[in-house]
Amino acid sequence: MSVAEPVLHVDMDAFYASVEAIKDPSLRGRPVVVGGLGNRGVVTSASYEARAFGVASAMPIVQARRLCPHAVFLPNDFDAYVAYSRRIRDIFCSFTPVVEPLSLDEAFLDVRGSVRLFGPPEDIGRAIRERVAGLGLRCSVGVAPNRLVAKLASRRAKPDGLVVVRRGDVRRFLDPLPVEELWGVGEQTAAALHRLGLRSVGQLAAASRSLLQRALGDVLGAQLHDLARGIDERPVTPEIEARSVGCEETFETDLDSADDILRELLRLSDRAAARLRAKGLCGRTVTIKVRFSNFRTVTRSITLEREVDGGHEVYDAARILFRRVDPDRPRVRLLGVTVSGLAPGPPRWQGELLGRPAGSRRRAASLAIDAIRTRFGDSAVAPGALLETRGDRI
Amino acid sequence: MKLRCERDELLEAVQFASRAISNRATLPVLSGLRIEAKDGGRVTVAATDLELTMQTGLRAGVDEPGRVIVPGRLFGDMVRSLGPGQVSLASGDAEVEISSGRGRFRVRALAPEDYPSLPIEADAGEGFGFEVDGAELAVALSQVVRCASSDDSRQVLTGVLWEIAAGELTLAATDSYRLGVRNLEIAGGPGETVRVILPARVLGELARALGTGAGTVAATVKDNLMSFALGAGDEDEAARGDATIGSRFIEGEFPNYRNLIPQGYGNALTVERDMLVEVVRRVGLLARDNLPVKLRLAAELEVSAHTPDVGEGQEVLDAGYEGEPLVIAFNPHFLTDGLMGCRPERVVVEAADGLKPAVIRGEGDASFTYLLMPVRLS
């Protein structure tokens with residue numbers, strides 16, 4: 001059976017802020033802003049009540065505080081967002097196996113194989129919205145012939161709505177949109193198009209292909225011309241398994257001493273390893289990412305002799321890698337630690353004849369720490385080197 | 001220098017010596033082969049990378065003694081491409097001329113004064129010597145060299161320990177996951193035990209040169225160098241061309257391996273070597289990504305492996321077993337290495353538990369011991 005509008009784009013509404021409101025129901029109906037709370041932090045999510053004051057995602061948190069001083073400002077709690085994201089994904093997967101998550105809070109679904117079971121795509125969209133509402137969350141759904149239009153439709157549906165764009169209505173839907181709405185049109189491309197007098201998608205679609213190719217280059221010109229005419233043939237690609245596990249952090253103030261950098265590497269290593277263990281994985285390759293204050297970014301990796309899932313092992317590798325970077329001028333803005341070369345954990349230990357520290361005992365300690373953190377929170381146990389930074393005293 | 005010889009003999013000598021030419025020669029001149037002709041028909045072909053030196057002789061008619069350094073790779077290719085028959089070599093001003101049949105080739109020679117003196121010819125220091133059966137040495141090397149580490153960060157472990165005493169030689173190597181120890185008889189040797197470490201890479205070349213190795217190997221230890229003269233005392237010596245392999249020692253302290261070998265565990269499995277090797281190879285196909293094979297030691301030995309998302313395998317074979325049943329897991333390659341090192345048809349695997357090293361020996365053969373650390377299953 002051919003399905004004219006098989007692609008759904010599901011986008012959660014104010015996802016992080018909504019999860020916060022589930023965690024603390026007293027936040028419901030209030031302006032909530034989630035993000036990095038330091039001087040350099042940015043807004044990652046704002047409730048619609050906060051958006052009414054002009055707060056938007058990716059805005060510096062300082063600006064958000066000015067716009068909406070009475071909002072509740074909360075730090076990111078990614079563990080909670082990941083947990084809810086997983087539950088939402090489970091809902092998607094109960095309708096179709098062809099789910100392509102774009103981030104924690106949005107995904108494409110191809111439902112052409114599901115219509116016999118669940119009815120036409122718009123019914124599936126509605127069913128998904130109901131199930132998501134059952135979690136206490138809201139989402140907007142676009143239903144369309146392809147990814148491009150589905151994504152624009154869900155944007156139109158916001159908040160808390162559903163928009164279907166029929167195959168025959170695609171041009172009518174796209175034509176009035178400003179060119180900036182299309183994928184791949186950033187400030188520079190938009191400016192180039194404006195110089196040609198092309199401001200709406202309809203004008204872009206009507207322009208000659210060769211003109212666009214001359215102005216924008218062969219590839220981008222052709223691509224935009226297709227998109228403007230509603231042609232987008234990229235298939236929805238189901239999620240491939242995680243290839244790496246890790247975390248990174250931008251610091252409020254640049255780190256300028258090797259001690260501070262190593263301490264943060266330890267913290268990130270510890271966190272990355274905890275995530276590995278939580279996913280039941282182990283890995284052999286450790287990568288660090290270092291962004292200096294001048295935005296020069298370098299990555300270094302090392303593949304270890306065997307798989308690891310312990311914070312100390314990841315840190316040992318990260319420390320060696322950092323020495324290879326540029327320890328002379330450490331003004332570091334961002335650090336990241338990633339483990340790849342993943343295998344199902346726990347790691348198997350090839351024993352050694354010539355004494356090295358007993359891996360199994362360290363591993364037992366890691367597992368005990370995981371158990372304590374699960375019960376008492378992430379800050380309940382930390383490597384000694386990290387205690388000072390929180391102002392704790394033993 | 002001017003000489004005549006058979007192409008086949010020249011080719012054999014060139015191929016032998018060329019194995020010491022490093023692809024990453026530190027000095028350009030080390031990419032060369034040294035050909036030296038002395039009065040009385042003695043011609044040698046040699047190469048060195050300063051760690052490994054390989055030299056061999058060939059029968060030739062020497063018209064004019066002398067020495068020349070030829071570019072190793074090109075010269076080898078040229079000799080190989082010549083037809084069988086007599087070859088003439090003559091060196092002139094910075095050139096070498098090879099003629100065979102109606103062909104004549106000239107190649108630029110390398111400067112002989114740049115070529116270092118061969119370590120095996122250095123005349124420094126007091127030394128001692130011993131002799132060992134070539135076939136036995138070949139077996140010993142095949143048993144032990146594979147246990148050496150390939151991790152350059154622990155240099156000492158990339159070598160094989162030679163513990164030389166009067167009448168007795170012990171070879172030991174470990175990459176810290178397994179340890180191979182082999183005792184063999186020698187004739188001669190020092191008054192007091194001498195310990196030296198030779199690179200596994202060099203010993204690989206020695207094993208290769210020995211082949212199944214008939215004859216006797218005469219070893220000399222001198223200064224920081226050990227050299228092996230192959231086919232010494234062999235009736236056919238002239239034909240074999242008195243090949244010599246020399247090696248520098250690896251500096252450093254080898255771990256005290258004797259302390260690692262446990263004395264008598266309670267649990268001992270006796271099993272047909274080839275059968276167990278076959279089973280481990282078969283089941284090991286399902287131990288991917290460095291996963292181990294699991295052995296359940298009992299009178300019915302059960303070997304199993306499991307790789308998530310790939311599959312699992314299991315096979316049972318009859319064995320003799322004394323002790324408590326126990327489960328132990330090994331890297332399958334390490335395990336087969338050890339089993340194949342044993343010469344008797346039946347092998348004995350001793351183990352304490354899943355954590356302590358297992359001991360593998362041939363039944364009734366104390367000359368070779370293979371220690372293998374298990375993979376801990378957490």
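At 6% relative accessibility, B:Thr44 counts as buried. B:Thr44 belongs to strand β3 of chain B, which covers residues 42-48. Neighbours within four places in sequence aside, B:Thr44 has several contacts. They are with B:Arg34, B:Ile35 and B:Glu36, and with B:Gln55, B:Thr56 and B:Gly57. These values, like those that follow, come from a predicted model.

Chain A contains 16 helices and 13 strands. Of its 394 residues, 48% are buried. Contacts between residues at least 6 apart in the sequence of chain A were also examined. Among these, 65% join residues at least 24 apart.

Confidence in chain A was considered next. The mean pLDDT of chain A is 86. A score of at least 70 is reached by 94% of its residues. Among the elements of chain A, strand β7 (residues 139-144) has the highest mean pLDDT, at 96. The lowest mean, 70, belongs to helix α16 (residues 384-387). Over residues 390-394 of chain A, the pLDDT is below 50. Beyond near neighbours in sequence, that stretch has four contacts in the model. Where pLDDT is low, predicted coordinates should not be read in detail.

A:Ala50 offers a local view of chain A. The residue is found in helix α2, residues 48-51. Its relative accessible area is 0%, so A:Ala50 is buried. A:Ala50 and A:Val32 are 18 residues apart along the chain. Their C-alpha atoms are separated by 6.0 Å. A:Val32 is also one of the contacts of A:Ala50 when neighbours within four places in sequence are left aside. The others are A:Pro31, A:Val33, A:Val55 and A:Cys68.

Aromatic rings were then compared. Over all chains, the count comes to eight aromatic pairs. One of them joins A:Tyr16 and A:Tyr81. This pair is stacked, with 4.1 Å from centre to centre and 5 degrees between the planes. The pair links distant parts of the chain. A:Tyr16 lies in helix α1 (residues 15-23), A:Tyr81 lies in helix α4, and 65 residues separate them. A:Tyr16 counts as buried because its relative accessibility is 13%, under the 20% cut-off. A:Tyr81 is buried too, with a relative accessible area of 0%. Ring pairs also bring in A:Phe15, which forms a cluster with A:Tyr16 and A:Tyr81.

Internal space was searched for across the whole structure. Rolling a probe the size of a water molecule over the atoms shows where empty space is left. The search finds one cavity of 30 Å³ or more. The volume of the largest cavity is about 60 Å³. Its lining draws at least two residues from each of four elements of chain A: β1 (7-12), α4 (78-93), β5 (99-103) and β6 (106-110). The largest share, four residues, comes from α4(A). By class, the lining has seven nonpolar, two polar and three charged residues. Nonpolar members of the lining include A:Val10, A:Met12, A:Ile88, A:Phe92 and A:Leu104. A:Pro101 and A:Ala107 also line the cavity. The polar residues are A:Ser85 and A:Ser103. The charged residues are A:Arg89, A:Asp105 and A:Glu106.

Methods
Residues are numbered from 1 along each chain as its sequence is written. Chains are lettered from A and ligands numbered from 1 in the order in which they are written. This is a predicted model: local features need pLDDT of at least 70, side-chain atom pairs count only at pLDDT 80 or more; totals for chains, interfaces and linings use all residues. Side-chain values use heavy atoms; hydrogens and water are left out. Buried means under 20% relative accessible area, exposed over 50%, partly exposed in between (1.4 Å probe, protein chains only). Contact means heavy atoms within 4.5 Å. pLDDT is the predictor's confidence in each residue, from 0 to 100. On a 1 Å grid over the protein atoms alone, a cavity is a set of points where a 1.4 Å probe fits but cannot get out, and a pocket is an open set with protein on both sides within 12 Å along at least five of seven lines; lining residues have an atom within 4 Å of a point. Grid points are joined across faces, edges and corners, and a volume is the space filled by probe spheres set on the points. Rings of Phe, Tyr and Trp (its six-membered ring) pair if their centres lie within 6.5 Å; planes under 30 degrees apart count as stacked, over 60 as edge-to-face and the rest as tilted.
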